[in-house]
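Reader: I would like a close look at a single part of this model, the place where two helices pack against each other. Please start there and then work outward to what surrounds them.

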Amino acid sequence: MIRGPLRLTVLAAVVAASLPLSAQIFRGGIDVVSLNITVTESDKLVPGLDQSSFAVYEDGVQQDISFFSRAAQPIALSLLIDTSTSMDTKLAVAQEGAIGFARRLTGSDTAQIIDFDSRVEILQPFTNDPILLESAIRKTQVGGSTSLYNAIYVALSEMKRVRATSKADIRRQAVVILSDGEDTSSLIAYEDVLESSKRSEVAVYAIGLRAKADRPTRGFNEADFVLRTLSQETGGRVFFVDDAAQLPAIYQLIADELANQYAIGYSSKNLKRDGAWRAIVVKVDRPSTVARTKRGYFAPAIPKTPPRL
């Protein structure tokens, strides 16, 4: 269970997720849809593309790109570490991998550390001090069940605190989750987590850590499905590994990807304020490449006028 103020934090996040999109990602009076795009070829990053290489489609209609950048942007990162009992033999290596990731952050980046088992705890609020981040990671201890959904909700809620108020403090936002099992004790439902992530501008990267002795499961695997879906919907990526020693390399891949994304913005040709889901597809004019970004967004909605008494 989540204790004290953190329980209130989770409930506050539920309320925030219900806010109209105009209060979340549409700002400045002009509706601009912002995309962070990763382009790969045979799983290798493709740098150096120009705006002319990209085509953006919303619900099948090509959009006019109004903003394009391939420059690296600072990162706002939420690092979630599963500390449930099943992580007992893996936590030491997981800590070293997470510390290595934190050390790759630059002075203009900011990160927070969240550990979760049967409870959720923000061990370190957002900071750009690598010493504080490393200290927080080393404080993680195993014990309890797995409240994965609660942890993601808290992370998404905390991300709202570092949203840009000017061009000078724009950051790419990402949640990186390390977990070795499915949720067993959250107050929050998976559907609410998915809804909140789709309404955010946060890319979810997930690392599913499996023991080498684990037998492959046949049929539906809830933990794999959840991590894969959250990553795909938000433009992130999922990794499934069977050896904790692989974690440093995985964290390096994520760090490299976040530092080499393309930023694109456009004003939708669909002027309806209906709150509907709009699907996004990005194509690149090189046949062997894959462009990955969030799968869509919810259109802004006209606030309902309360009835007159």
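Author: Helices α4 and α6 cross in the right-handed sense. The model in which they are seen is a predicted one. Two packed helices are described by the angle between their axes and the distance between the axes. For α4, residues 148-159, and α6, the axes come within 13 Å and cross at roughly 15°. Angles under 35 degrees count as roughly parallel, so α4 is roughly parallel to α6. On the α4 side the contact is made by L148, Y149 and I152. On the α6 side it is made by E222, V226, L227 and L230.

Y149 also belongs to a nonpolar core of 28 residues, which includes V162, I177 and Y190. This core lies apart from the largest one, which has 34 residues.

Helix α6 spans residues 222-234 and lies across β10 and β11. Its direction is at about 155° to that of β10. The two strands beneath this helix pair with each other in the parallel sense, over five bridges. Within that pairing, I207 stands opposite F239 of β11.

β10 and β11 are part of an open sheet of six strands. The order across the sheet is β8-β7-β6-β9-β10-β11, and the pairing is mixed. β8, residues 120-127, and β11 are the edge strands. Each of them has a single partner strand, so one side of each is left without a neighbour in the sheet. From one strand to the next, the twist averages 10°.

Another helix, α2, lies across β6 and β9. It runs at about 175° to β6. α2 also packs against α7, at an angle of about 25° and with the axes 8 Å apart. With that angle, α2 and α7 are therefore roughly parallel to each other. The crossing of α2 and α7 is right-handed, as is the crossing of α4 and α6. From α2, the residues in the contact are A94, G97, A98 and F101. They meet L247, P248, Y251, I254 and A255 of α7.

Some of these residues return in the largest nonpolar core. Its members that touch the most other members are L79, I207, L247, Y251 and I254. The elements that each supply at least two residues of this core include the helices α2 (91-103), α3 (130-138) and α7 (247-259). Strands do so as well, among them β6 (75-82), β7 (110-116), β9 (172-179), β10 (202-209) and β11 (237-241). I254 shows how helix and strand residues come together here: leaving out residues up to four places away in sequence, I254 touches F101, V176, Y205, I207 and F239.

Back on the side of α4, one residue of the sheet is worth following. I114 lies in strand β7. Its relative accessibility is 0%. Buried means under 20%, so I114 counts as buried. Apart from neighbours within four places in sequence, I114 is in contact with V154 and A155, among others. Its other contacts include S78, L79, L80 and I81, as well as V120, E121 and I122. I114 and D82 are 32 residues apart in sequence, and their C-alpha atoms are 8.8 Å apart in space.

Further strand pairings involve β1, which covers residues 33-41. β1 pairs with β12, residues 262-266, in the antiparallel sense over five bridges, and L35 stands opposite I264 of β12. β1 also pairs with β14, residues 290-292, again antiparallel, over three bridges. There T40 stands opposite V290. A further partner of β1 is β2, residues 44-45, joined to it antiparallel by two bridges. E41 has K44 as its bridge partner in β2. β1 and β2 form a hairpin with two residues between them, and S42 in the turn has a positive phi of about 55°.

As for the chain in general, its secondary structure comes to seven helices and 15 strands. Of its 309 residues, 49% are buried. Among contacts between residues at least 6 apart in sequence, 81% join residues at least 24 apart.

Methods
Residues are numbered from 1 along each chain as its sequence is written. This is a predicted model: local features need pLDDT of at least 70, side-chain atom pairs count only at pLDDT 80 or more; totals for chains, interfaces and linings use all residues. Side-chain values use heavy atoms; hydrogens and water are left out. A nonpolar core is a set of buried Ala, Val, Leu, Ile, Met, Phe, Trp, Tyr and Cys residues joined through side-chain atoms within 4.5 Å. Buried means under 20% relative accessible area, exposed over 50%, partly exposed in between (1.4 Å probe, protein chains only). Helices (H or I, at least four residues) and strands (E, at least two) are DSSP runs, numbered from the N terminus. Contact means heavy atoms within 4.5 Å. Two strands pair if DSSP finds at least two bridges between them. Axes are lines fitted to C-alpha atoms, for helices over the stretch in contact, and angles run from 0 to 180 degrees between N-to-C directions. Angles under 35 degrees count as roughly parallel, over 145 as roughly antiparallel, 65 to 115 as roughly perpendicular and the rest as oblique. A crossing is left-handed if the near helix is turned anticlockwise from the far one by less than a right angle, and right-handed if clockwise.
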